[in-house]
Amino acid sequence: MANKPTYEELEQRVKELEKSSDIRAQFGDRLQILQLAIEQSSEGYAVSDMDGNLEYLNDAFAQVHGYSAEELIGKNLSIFHTPEQIPSVEEANREIKQTGTFKGEIWHTRHDGTVFPTIMNNSVIKDATGKPVGMMGRLRDIRDIKQAEEALQEGEENFRALYNNSPDMYVSVSPDDANILLCNDTLLNKTGYSREEIIGSPIFKMYHDDCVAEAKKAFQQFVETGVINDKKLTLKRKDGSKIDVSLNVNAIRDEAGEIKYSMSSWRDISAHKRTLEALRESEALLVMAGRT
């Protein structure tokens, strides 16, 4: 006959049971919090078997597709995709099965036929033996990001068009070595150089021999102050002819305030200068005529 446990042993056993019960209660509380977090998340969560049949999804996943969660349990994930989208979905599924995870852009389709972009972060669910038993996916609707990207791209295209079609010649220069980093089409058209002949060359190559020394002084002013206003200089076309210009420069700085490069514009004032010279000649003739 087995010995009866002592009072101390019984007390110890009760404490162990109480501790085990506390652990289970804590685990249950944490599990409930996790469940609530997923159900109330603004991002979509879904769980399917390895064939893509839905076993669980939260309201966010269902609503972004225009369904209720109850309508989708048991449905295949293909319900969210058009035939055109299926190849990218199949490629993602192959990656999940081969590597255990997938993260990337996948387009989805709503119940009303509207298509929209998402970022999917998917992983394989394994049982205690390591056997794959399902897949879990986290979905983020990125329509707002795409719209922002499109607006930014449109803005960049508009700026590029304005930049290249401006009547002024634009050029960006490194403050370290005075080499040309960027130029617009107007500069190429007016000077006769190709982009390959200009990019990476010293800015002083563009000036006429008569004013290279003055141009170097202007560049030093830019390095020291970050600005040049209405500096009259003369450029040299590839064929050697002159272009009288008004130079304006502003510095583009980094977060530390250091000059990264210049944004310079050359305005062709050759015609204006010729007009002034013609006026001076006319005035001189008038003065001479008045003396006779």
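Leaving aside its neighbours within four places in sequence, which residues is V223 in contact with? In this predicted model, V223 is in contact with P175 and I259 once those neighbours are set aside.

**V223 and K216 in helix 8**

V223 lies in helix 8, which covers residues 212-225. The residue is partly exposed, because its relative accessible area is 31% and the partly exposed class runs between 20% and 50%. One of its two contacts, I259, is 36 residues away along the chain. The C-alpha atoms of V223 and I259 are separated by 7.9 Å.

K216 also has its place in helix 8. With a relative accessibility of 46%, K216 counts as partly exposed. Its C-alpha atom is separated by 7.3 Å from that of F204, a residue 12 places apart from K216 along the chain.

**N122 in strand 4**

Strand 4 is made up of residues 115-126, and N122 is found in it. Is N122 buried or exposed? N122 counts as buried because its relative accessibility is 12%, and buried means under 20%. Not counting residues up to four places away in sequence, N122 touches I96, G100, T101 and F102, and also M136, G137 and R138.

**Salt bridges**

Side chains of opposite charge can pair when their charged atoms come close. How many salt bridges does the structure hold? The structure holds 13 salt bridges, and the table describes some of them, including the R94 and E91 pair.

| Salt bridge | N to O distance | Relative accessible area of each residue |
|---|---|---|
| R94 and E91 | 2.8 Å | R94 43%, E91 45% |
| D112 and R110 | 3.8 Å | D112 55%, R110 24% |
| D141 and R143 | 2.4 Å | D141 23%, R143 29% |

In the R94 and E91 pair, the closest N and O atoms are 2.8 Å apart. Where do the two residues sit relative to each other? Both belong to helix 4, residues 86-99, and because they are three residues apart there, about one helical turn separates them. R94 is partly exposed at 43%, and E91 is partly exposed at 45%.

D112 and R110 meet through their side chains, with 3.8 Å from N to O. This distance qualifies as a salt bridge because the cut-off is 4 Å between a side-chain nitrogen of Lys or Arg and a carboxyl oxygen of Asp or Glu. D112 counts as exposed, with a relative accessibility of 55%, whereas R110 is partly exposed at 24%.

D141 pairs with R143, and their closest N and O atoms are 2.4 Å apart. Here D141 counts as partly exposed at 23% relative accessibility, and R143 is partly exposed with a relative accessible area of 29%.

**A negative patch on the surface**

Which residues gather in a patch of negative charge on the surface? The patch holds E39, D59, E70 and E71. One of these, E39, is found in helix 1, residues 7-40. E39 counts as partly exposed, with a relative accessibility of 33%. That value satisfies the accessibility condition for a patch, because patch residues need over 30% relative accessible area. Patch residues also have no salt bridge, so E39, D59, E70 and E71 take no part in the pairs described above.

Methods. Residues numbered from 1 in each chain as written. Predicted model: local features only at pLDDT ≥ 70, side-chain atom pairs only at ≥ 80, totals over all residues. Heavy atoms only, no water. Patch = residues over 30% accessible without salt bridge, like charges linked within 9 Å, V, L, I, M, F, W, Y side chains within 5 Å. Areas by Shrake-Rupley, 256 points an atom, 1.4 Å probe, with all protein chains shown as cover. Lys, Arg positive; Asp, Glu negative; His and termini not counted. Charge placed at Lys NZ, Arg CZ, Asp CG, Glu CD. Helix = DSSP H or I, 4+ residues; strand = E, 2+ residues; numbered from the N terminus. Buried < 20%, exposed > 50% of the residue type's maximum accessible area, 1.4 Å probe, protein only. Contact = heavy atoms within 4.5 Å.
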